[in-house]
Amino acid sequence: MNESRPRPRTVFGLMPWPERQAIASALRTETVGGLVLLAAAVIALIWANTPFSDVYETIRDFHFGIPALGLDLSVGHWTADGLLAIFFLVAGIELKRELVVGELRTPATAALPVIAAICGMAVPAALYALTAGLGGGSLDGWAVPMATDIAFALAVLAVISTHLPAALRAFLLTLAVVDDLGAILIIAIFFTSDLNLWALGGAFAGLAVFYLLQRYRVRGWWWYVPLGIAIWALMYNGGVHATVAGVAMGLILRTTKDKGETASPAARVSHLMHPISAGIAVPLFALFAAGVGISGPALAAVFTSPEPLGVVIGLVVGKIIGIFLGTYLAARFTRAELNPDLAWADVLGLSVLAGIGFTVALLIGELAFPGQAVGEHVKAAVLIASLTAAVLAAILLRRRNATYKRLYEEENVDADKDGIPDIYQHDTADTHGAAASANEQHG
């Protein structure tokens, strides 16, 4: 009797119900936050190009804080170093969740999004370096076109009313999570100022206390909020970008529930902080980072200066090549098969959408070119590249929207009104595992 060969894994197939619920919840918040972010960016651009631009600059450059603690910062720096720490805290929690219970928990499921994300970071960086090098420009901005802005990408999907299947949205979110990890590692390693070892040591000691509080199940915001602020301040004074503190605390938070708990500490913090991050922190950062002057010479500089041109090519061309080829090669390497309801054109559209690199790209641009004129041109390049990627993605994805809508509706049919889509309750080889997970979660 011949032994049957194992069936190949399906790329972008049906997701387990609990994972799909978690992804959907995160994406709802990101979509709303992305629309607020889009509005903030538009306001910043309009404000910075009106006769009231001097008011914009005055507010952005206004300093306040506690000088004795080394925290006398401008409004722009408070949004970049302070509010974005909340964004990276949420990113750290999401990364931890993906590593523990999500797509990154096993090598088989992690291989494709991780390889795609790495290629989607490496190719844009290489194209930037090639463009800047050939043009005699600075290589300092090599990391600018590496990150995908999930909130902005989802806002584009909302605006064009595209019903992407859950698996494609989850892939986009996982790409962005891995991107965020790469970005924070780059910020921590390559964009540090003169290190203050005493302050840095204090920050790591604070993180150790944070870990012990989690390890011994200590509850109460009055422990964690003052400790988190102290860790952030020490990290900032230590010379490492303060957003690193947010990611570190997010990774330390426990993501598994103890007996009797309705939610893990990470889930509770994410539920509380995610709306603040998406609806307040990131839009305020965008408001004071995206306000660049738009004029004929400024636009010309984007396409004639090597640094901003490298950013445009990296985001628009590099992301497409990196993510599409990374996904294709990873699928072939792992002998996986594409979902028969989808086509590689769908992956291409998603790769173009990933060229929207806004929040982290603007942050790295500020760190790479602080106080330099080329920095403003790089910001303009990020905005132009993101707009270009959004338009191209809208054209590609809208062409397949009828297919996406059909798949979306099939995924959400719930004829028996039990709260679980019927597709998870079909007793077939493809859905048996997902249905079991769904019933276990629902029960």
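This passage walks through the helices, aromatic pairs, nonpolar cores and loops of a predicted model.

A good place to start is helix H4, which covers residues 107-134. With 28 residues at 1.5 Å a residue, H4 should span 40 Å, and the 39 Å between its end C-alpha atoms agrees with that expectation. Just after H4 comes Gly136, whose phi is positive, at about 75°.

Helix H14 (residues 359-368) offers a picture of burial. Of its 10 residues, 8 are buried, so H14 is largely enclosed by the rest of the structure. The buried residues of H14 are Thr359, Val360, Ala361, Leu362, Leu363, Ile364, Gly365 and Ala368. Their cover includes helix H1 (17-48), helix H3 (75-100), H6, H10 and helix H15 (373-398).

The nonpolar interior can be described through its cores. The largest nonpolar core has 125 residues, and Leu353 and Phe358 have the most contacts inside it. Helix H6 (residues 166-190) gives the most to this core, contributing 14 residues. For Leu353, once neighbours within four places in sequence are left aside, the contacts are Ala153, Val156, Leu157, Leu172, Ala393 and Leu397. There is also a second, separate core of 7 residues, with Leu73, Ala85, Trp232 and Ala233 among them.

Turning to the aromatic rings, a pair is described by the distance of the centres and the angle of the planes. The model holds 13 aromatic pairs. One of these is formed by Tyr56 and Phe288, which are stacked, with 6.2 Å from centre to centre and 25° between the planes. This pair links distant parts of the chain, as Tyr56 belongs to helix H2 (residues 53-61) and Phe288 to helix H10 (residues 265-289), 232 residues apart. Tyr56 counts as buried, because its relative accessibility is 1%. Phe288 is buried too, with a relative accessible area of 9%. The rings of Phe87 and Phe88 are edge-to-face, because their planes stand at 80°, with the centres 5.0 Å apart. Both Phe87 and Phe88 are buried. Elsewhere, Phe62, Phe64, Trp78, Trp232 and Tyr236 come together in one aromatic cluster. Trp232 in this cluster is also one of the residues of the second core.

Phe64 leads on to the strands, where this residue stands opposite Leu73 in S3. Strand S2 (residues 63-66) and strand S3 (residues 71-74) run antiparallel and are joined by 4 bridges. Gly65 has Asp72 in S3 as its bridge partner. Together S2 and S3 make a hairpin with 4 residues between them, and Gly70 in the turn has a positive phi of about 70°. In a regular strand the side chains alternate between the two faces of the sheet.

The region around helix H9 (residues 243-252) includes Ile252. Apart from neighbours within four places in sequence, Ile252 is in contact with Lys96, Leu207, Phe210, Tyr211 and Gln214. By contrast, Ile252 and Leu139 are 34 Å apart in space, C-alpha to C-alpha, with 113 residues separating them in sequence. Thr255 lies in the loop between H9 and H10, and this residue counts as buried because its relative accessibility is 17%. With neighbours within four places again left aside, Thr255 is in contact with Lys96, Arg97, Val100, Ser264 and Ala266. Lys96 is therefore a contact of Ile252 as well as of Thr255. 

The final stop is the loop between helix H7 (197-215) and helix H8 (221-237), where Arg217 lies. Most residues other than glycine have a negative phi, and most peptide bonds are trans. Arg217 has a positive phi, near 55°. Arg217 is partly exposed, with a relative accessible area of 39%. As for Arg215, its charged end sits over the ring of Tyr216, 5.9 Å from the ring centre.

Definitions and conventions:
Residues numbered from 1 in each chain as written. Heavy atoms only, no water. Helix = DSSP H or I, 4+ residues; strand = E, 2+ residues; numbered from the N terminus. Expected span 1.5 Å × (residues − 1). Phe/Tyr/Trp six-rings, centres within 6.5 Å; stacked < 30°, edge-to-face > 60°. Buried < 20%, exposed > 50% of the residue type's maximum accessible area, 1.4 Å probe, protein only. Lys NZ or Arg CZ within 6 Å of the ring centre and 35° of its normal. Core = buried A, V, L, I, M, F, W, Y, C linked by side-chain atoms within 4.5 Å. Contact = heavy atoms within 4.5 Å. Pairing = 2+ DSSP bridges.
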